[in-house]
Amino acid sequence: TPAEQVYAQIVKDLTEAETVLPARYTANLEIGKATSGAAKALLGKVYLTRRQYAQAAAKLKEVLDASIYQLLPRYADVFAPTNGNNAEIVFAVQYAKGGVGEGSQFANRFVPQQSGNTIVTVGTPFGYNLGTPDLERSFTTGDTRKDITIAQYRANDGTIIRYTRKYLDTPTATNDAENDWIVLRYADVLLMYAEALNEQGQTAAALPLLNQVRSRAGLAALGGLTDAQARLAIETD
């Protein structure tokens, strides 16, 4: 099927979804289901992917204007297994540990095989999705996101293995942890909106959005950038 036809169906589905989904859920058993904000944010991402910047900006602005989501003060708290569906989460795949067949695999799968039970104390480590030296070097000095995004484990032979700390938990058994898989969060929306504005020549309006994310990360605000400089800053943040 031609890509244009596939994207047309995606846009149609999300456009319909945003009109029928609630903005919030209040019943405990429904929290975590897709909301209208999730549909709008994903639709904005689709427009951005298609380089339809005006449509992307308009749709993402609707998510901001709803005033439902916000950046958490501490980046680490976004990923805490005890803090699922927090104010920054726009949409996440839900998991629950406890031997009921609904647990997540990430706590075990994302730590080095050689670590045994020194990082995750229950279950088998698999060593998937390991980081690289380039990823570690990409963080600006003082960026508070680094310590939870990538950490080092020294194997018995002295090898340094890099892994993410975003999905640490104590599973009840192998692959039975509490961590939800975050699909979209408010920081994504801010950066996508900033990109959509910048690509339309509205760099001055884009930078405050970028700077919200930078400020939470402990980084200095940026100003006076060209559109090319802003594009790179948005990409790296």
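The following legends describe an overall view and several close-up views of a predicted model.

**Figure 1. Overall architecture of the chain.** The predicted chain contains 10 helices and 4 strands. Read from the N terminus, these elements follow the order α-α-α-α-β-α-α-α-β-β-β-α-α-α. The chain is as compact as a globular protein of its length, because its radius of gyration of 19 Å is close to the 18 Å that the globule rule gives for 237 residues. Along the principal axes, the C-alpha trace extends over about 55 × 45 × 40 Å. Buried positions make up 41% of the 237 residues. Among contacts with a separation of 6 or more, 59% come from residues 24 or more positions apart.

**Figure 2. Accessible surface and charge distribution.** The chain exposes an accessible surface of about 12400 Å². Carbon and sulfur atoms contribute 51% of this surface. The chain carries 23 positive and 25 negative charges. The mean position of the positive charges and that of the negative charges lie 3 Å apart.

**Figure 3. Aromatic cluster with the Tyr 75 and Phe 79 pair.** The whole structure holds 10 aromatic pairs. One of these is formed by Tyr 75 and Phe 79, whose ring centres are 5.2 Å apart. The planes of the two rings enclose an angle of 65°, and the pair is edge-to-face because the cut-off for that class is over 60 degrees. Both residues belong to helix 4, which covers residues 75-79. Their spacing of 4 residues corresponds to about one turn of the helix. Tyr 75 and Phe 79 are both buried. The two residues are also members of one aromatic cluster, in which they are joined by Tyr 95, Phe 106, Phe 110, Tyr 167 and Trp 181.

**Figure 4. Surroundings of Val 78 in helix 4.** Val 78 is a further residue of helix 4. With a relative accessible area of 3%, Val 78 falls under the 20% cut-off and is therefore buried. Beyond its neighbours within four places in sequence, Val 78 makes contact with Leu 72, Asn 86, Glu 88, Ile 89, Ile 182, Arg 185 and Arg 216. For one of these partners, Ile 89, the C-alpha atom is separated from that of Val 78 by 7.7 Å. Val 78 and Ile 89 are 11 residues apart along the chain.

**Figure 5. Surroundings of Leu 71 in the loop before helix 4.** Leu 71 is located in the loop that connects helix 3 and helix 4. Its relative accessibility is 17%, so Leu 71 counts as buried. When neighbours within four places in sequence are set aside, the contacts of Leu 71 are Glu 88, Tyr 186, Ala 187, Leu 190, Gln 212, Val 213 and Arg 216. Leu 71 and Leu 190 are 119 residues apart along the chain, with a C-alpha separation of 9.6 Å. Glu 88 and Arg 216 are contacts of Leu 71, and Glu 88 and Arg 216 are likewise contacts of Val 78.

**Figure 6. Pro 208 in helix 9.** Helix 9 comprises residues 203-216 and includes Pro 208. Pro 208 counts as partly exposed because its relative accessibility is 46%. The C-alpha atom of Pro 208 lies 9.4 Å from that of Leu 190, with 18 residues of sequence separation between the two. Leu 190 is also among the contacts of Leu 71.

**Figure 7. Loop residues with positive phi.** Most residues other than glycine have a negative phi. Arg 51, which is not a glycine, has a positive phi near 60°. Arg 51 occupies the loop between helix 2 (36-49) and helix 3 (53-65). The relative accessibility of Arg 51 is 65%, so this residue counts as exposed. A positive phi of about 60° also occurs at Asn 175, again a residue other than glycine. Asn 175 sits in the loop between strand 3 (160-163) and strand 4 (181-185).

**Figure 8. Gln 9 in helix 1.** Gln 9 is part of helix 1, which runs over residues 3-20. With a relative accessibility of 40%, Gln 9 counts as partly exposed. Tyr 69 is 60 residues away from Gln 9 in sequence, and the C-alpha atoms of the two residues are 27 Å apart in space.

Technical notes
Residues are numbered from 1 along each chain as its sequence is written. This is a predicted model: local features need pLDDT of at least 70, side-chain atom pairs count only at pLDDT 80 or more; totals for chains, interfaces and linings use all residues. Side-chain values use heavy atoms; hydrogens and water are left out. Helices (H or I, at least four residues) and strands (E, at least two) are DSSP runs, numbered from the N terminus. The radius of gyration is taken over C-alpha atoms; the globule rule is 2.2 Å times the number of residues to the power 0.38. Buried means under 20% relative accessible area, exposed over 50%, partly exposed in between (1.4 Å probe, protein chains only). Contact means heavy atoms within 4.5 Å. Accessible areas come from the Shrake-Rupley method with a 1.4 Å probe; for residues, only the protein chains shown count as cover. Lys and Arg count as positive and Asp and Glu as negative; His and the chain ends are not counted. The place of a charge is taken as NZ of Lys, CZ of Arg, CG of Asp or CD of Glu. Rings of Phe, Tyr and Trp (its six-membered ring) pair if their centres lie within 6.5 Å; planes under 30 degrees apart count as stacked, over 60 as edge-to-face and the rest as tilted.
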